[in-house]
Amino acid sequence: MKKNILRPTLLLLASLGIASVTLQGCNKGKPAAETTTNTAENASMNIKTETFGKTKEGTEVQVYTLTNQQGVQVKITNYGATVTSIITPDKNGQAGDVVLGFDNVEGYQSDAFLKSGPYFGAIVGRYGNRIAKGKFTLDGNTYTLATNNGENHLHGGNKGFDKVIWTAKPMPEQNALQLTYVSKDGEEGYPGTLTTTVVYTLTPDNELKIDYTATTDKATPINLTNHSYFNLAAGRAPDALGHLLMLQADRYTVVNASLIPTGELRSVAGTAMDFTKPTAIGTRLAQVEGGYDHNYVLTGANNSSKLAATVYEPTSGRYMEVFTTEPGIQFYSGNFLDGSLTGKGNTNYKQHYGFCLETQHFPDSPNQPEFPTTILRPGETYKTSTSYKFSVKDQVPTQ
Ligand code: BGC
């Protein structure tokens with residue numbers, strides 16, 4: 001194992017110019033290439049904190065860098081608890097950034113970004129995806145939420161969890177960053193004061209784990225997810241349509257014209273929606289009106305962590321596995337990216353440049369009694385977990 005990771009690790013560290021940081025940062029100052037045992041002791045890593053600039057409102061926000069023994073590097077800002085960068089090696093050990101985003105907070109607050117609303121890398125909440133007409137009834141009371149997507153409520157409203165400043169606490173012993181946000185009773189129309197904690201952990205085996213917990217003082221809907229856009233070619237392909245996607249799902253929630261579920265769970269068999277075997281995203285995209293923007297019903301959903309999706313990018317050899325405790329996953333093929341945004345490394349984000357795999361409960365669940373519940377009540381703890389695991393493969397793995 002040591003032999004396999006040594007060359008890519010050193011190449012990666014050298015190309016990132018972070019070799020000295022990583023070597024000093026690892027517990028006991030062991031050289032990174034020798035630190036291959038996954039004990040808790042060896043996992044203690046230096047977490048770098050830097051400024052990410054000032055928000056429009058004048059508050060300075062930070063960016064935190066998690067690095068592991070294999071030189072994988074993840075950057076997260078406390079603005080929106082947003083993942084801004086994930087650097088992983090390709091099959092030749094060359095480092096590349098596999099998510100879309102910006103180098104400073106200005107990018108996330110620009111007029112163009114707010115206009116197109118792509119939610120790059122953010123934690124979305126209090127409710128990820130749509131709630132029809134921004135209305136729901138709970139315990140006999142009807143609540144009206146902010147509507148920010150035509151007549152519907154999307155990703156928490158006008159100022160969702162992606163646009164607030166979270167309280168960050170680096171946890172070097174776990175190689176993790178803890179972020180907390182207290183959402184006030186009535187915020188964006190939701191009932192109850194909701195205290196949310198998100199912990200991002202970078203494991204020694206290249207897994208970015210996201211643990212979500214929340215408590216409330218009044219019953220409220222909650223559906224948290226991360227909205228990263230991936231492109232595993234890291235700039236070496238014109239779009240993400242060549243990525244081979246596998247979704248562990250044989251049904252999806254059918255939606256109406258405004259992307260609200262009709263309630264029907266339809267089989268993917270024999271249609272362009274079928275990703276039960278690794279298939280290039282672009283192969284049948286034209287057959288799906290508007291592109292993929294659908295919630296898939298994960299098989300074997302029972303609150304324990306399970307494989308939900310895999311993605312293989314043939315030119316780089318990068319491979320990503322997604323595990324989650326959630327019952328659904330929104331596969332969104334970046335349909336609304338339109339070239340109006342230019343991000344890190346001067347990369348222009350045109351349509352389908354990146355795609356999202358948002359683990360979640362189903363859209364509009366507060367209005368759909370047949371869907372798994374999204375209601376959190378006082379005294380209960382909301383607890384979900386999702387991880388994105390990165391590796392390289394010589395060829396597409398057969399499932
Ligand atoms: C939604 C899309 C939306 C995108 C960006 C996705 O989660 O399903 O419909 O356009 O987020 O806001």
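A residue counts as near a molecule if one of its heavy atoms lies within 4 Å of it. With that in mind, let's look at the ligand, two nonpolar cores and N226. This is a predicted model, where local features need pLDDT of at least 70, side-chain atom pairs count only at pLDDT 80 or more, and totals for chains, interfaces and linings use all residues. Residues are numbered from 1 along each chain as its sequence is written, and side-chain values use heavy atoms, leaving out hydrogens and water.

**Around the ligand**
- There are 14 residues around the ligand, and G117, R130, H227, D293 and E358 come nearest.
- Look for ligand oxygen atoms beside polar side-chain atoms of H155 (3.0 Å), Q330 (3.2 Å) and N129 (3.3 Å).
- On its own the ligand has 310 Å² of accessible area (Shrake-Rupley method, 1.4 Å probe), and the protein covers 96% of that.

**Nonpolar cores**
- A nonpolar core is a set of buried Ala, Val, Leu, Ile, Met, Phe, Trp, Tyr and Cys residues joined through side-chain atoms within 4.5 Å, with buried meaning under 20% relative accessible area (1.4 Å probe, protein chains only).
- In the largest one, with 59 residues, Y296, F331 and L357 touch the most other members.
- Another core lies apart from it and has 17 residues, including F52 and V63.

**Spotlight on N226**
- N226 is buried, at just 1% relative accessible area.
- Its side chain makes a polar contact (here, N or O atoms within 3.5 Å, one able to donate a hydrogen and the other to accept it) with the side chain of Y200, at 3.1 Å.
- A polar atom of the N226 side chain also lies 3.0 Å from the backbone oxygen of G121.

Methods: Buried means under 20% relative accessible area, exposed over 50%, partly exposed in between (1.4 Å probe, protein chains only).
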